[in-house]
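Hi,

Here is the structure I promised to pass on. Have a look at it first, and my notes follow underneath.

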Amino acid sequence: MPTIKSSYLGNLRTEMEHLQSMTRVLTDAPVDNNGKGEAFSPTDLVAAALGSCMVTIMGIVAERESVSLDSLSWEITKVMSANPRKIEEIIVDFSWEKPLQDEKIIQKMKNAAKTCPVALSLDPAIKQTVNFNF
């Protein structure tokens, strides 16, 4: 059974629907690639998926260790190469205002982030730079 149903809306825009939740996501081509840039581009979604997956797996570790990830945030920088046009690097910058003091648990979460399913699924040619600012 499919997970996502998608359609082309014209003008370089797509719509995807997650069938279980009925949540919809639009994509647009970026301005620098003939689009309007009015929504995530497909490559933006790849970059966003990496950060979200990392935090999801960190959250699983945090729950198992009975700790809170409150105040954890992150920013994603996507670097594109021109020829061929593709993702060259994804930079994930984590910030945590109130980090744990337990270095053992912190290291478990860092390891979990770097081995999340999306990180392991991306082509090794895509550089993954992860900065844990805590």
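Before the loops come up, a word on the labels: helices (H or I, at least four residues) and strands (E, at least two) are DSSP runs, numbered from the N terminus. With that in hand, proline 99 can be placed in the loop between β5 and α2. Please keep in mind that this is a predicted model.

Proline 99 is partly exposed, because its relative accessible area of 26% falls between the cut-offs of 20% for buried and 50% for exposed. Its C-alpha atom is 9.1 Å from that of serine 68, although 31 residues separate the two along the chain.

Next comes helix α2, which covers residues 103–114. At its start, the backbone nitrogen of lysine 104 has a side-chain oxygen of aspartate 102 within 3.0 Å. The length of the helix checks out: 12 residues at 1.5 Å each should span 16 Å, and the end C-alpha atoms are 17 Å apart, which agrees.

Which residues of α2 are buried? They are Ile105, Ile106, Met109, Lys110, Ala112 and Ala113. These cover an arc of only 160 degrees around the axis, so they sit on the same side of α2. Glu103 and Lys104 are exposed, on the face turned away from that buried side. The cover over the buried residues includes α1, β5, α3 (residues 117–121) and β6.

Now for the core. The largest nonpolar core has 26 residues, and the members that touch the most others are Leu50, Met54, Ile90, Phe94 and Met109. At least two residues come from each of α1, β5, α2 and β6 (127–133). Helix α1 gives the most, with eight residues. As a general point, nonpolar side chains tend to be buried together in soluble globular proteins. Methionine 109 also has contacts further along the chain: leaving out residues up to four places away in sequence, it touches Met58, Val61, Ala62, Leu69, Trp96 and Leu100.

Over in strand β3 (residues 23–28) you will find threonine 27. Is it buried or exposed? Threonine 27 has a relative accessible area of 3%, so it counts as buried, the cut-off being under 20%. Its side chain makes a polar contact of 2.4 Å with the side chain of threonine 14. Setting aside neighbours within four places in sequence, threonine 27 is in contact with Leu12, Arg13, Thr14, Met16, Ala39, Phe40, Pro42 and Leu45.

Last, some backbone geometry to look at. Most residues other than glycine have a negative phi, and most peptide bonds are trans. Here are the spots that depart from that:

- Leucine 12, one of the contacts of threonine 27, has a positive phi of about 65 degrees. Leucine 12 is in the loop between β1 (4–10) and β2 (13–18), and it is partly exposed, with a relative accessible area of 36%.
- Asparagine 34 also has a positive phi, near 75 degrees. Asparagine 34 lies in the loop between β3 and α1 (42–64); with a relative accessible area of 68%, it is exposed.
- Asparagine 83 and proline 84 are joined by a cis peptide bond, with omega about 5 degrees. Proline 84 is in the loop between β4 (72–82) and β5 (85–96).

Cheers

Key
Residues are numbered from 1 along each chain as its sequence is written. This is a predicted model: local features need pLDDT of at least 70, side-chain atom pairs count only at pLDDT 80 or more; totals for chains, interfaces and linings use all residues. Side-chain values use heavy atoms; hydrogens and water are left out. Buried means under 20% relative accessible area, exposed over 50%, partly exposed in between (1.4 Å probe, protein chains only). A polar contact is a pair of N or O atoms within 3.5 Å; within protein, one must be able to donate a hydrogen and the other to accept it, and residues adjacent in sequence count only if both atoms are side-chain atoms. Contact means heavy atoms within 4.5 Å. A nonpolar core is a set of buried Ala, Val, Leu, Ile, Met, Phe, Trp, Tyr and Cys residues joined through side-chain atoms within 4.5 Å. The expected span of a helix is 1.5 Å times one less than its number of residues. The arc is that of the directions from the helix axis to the C-beta atoms.
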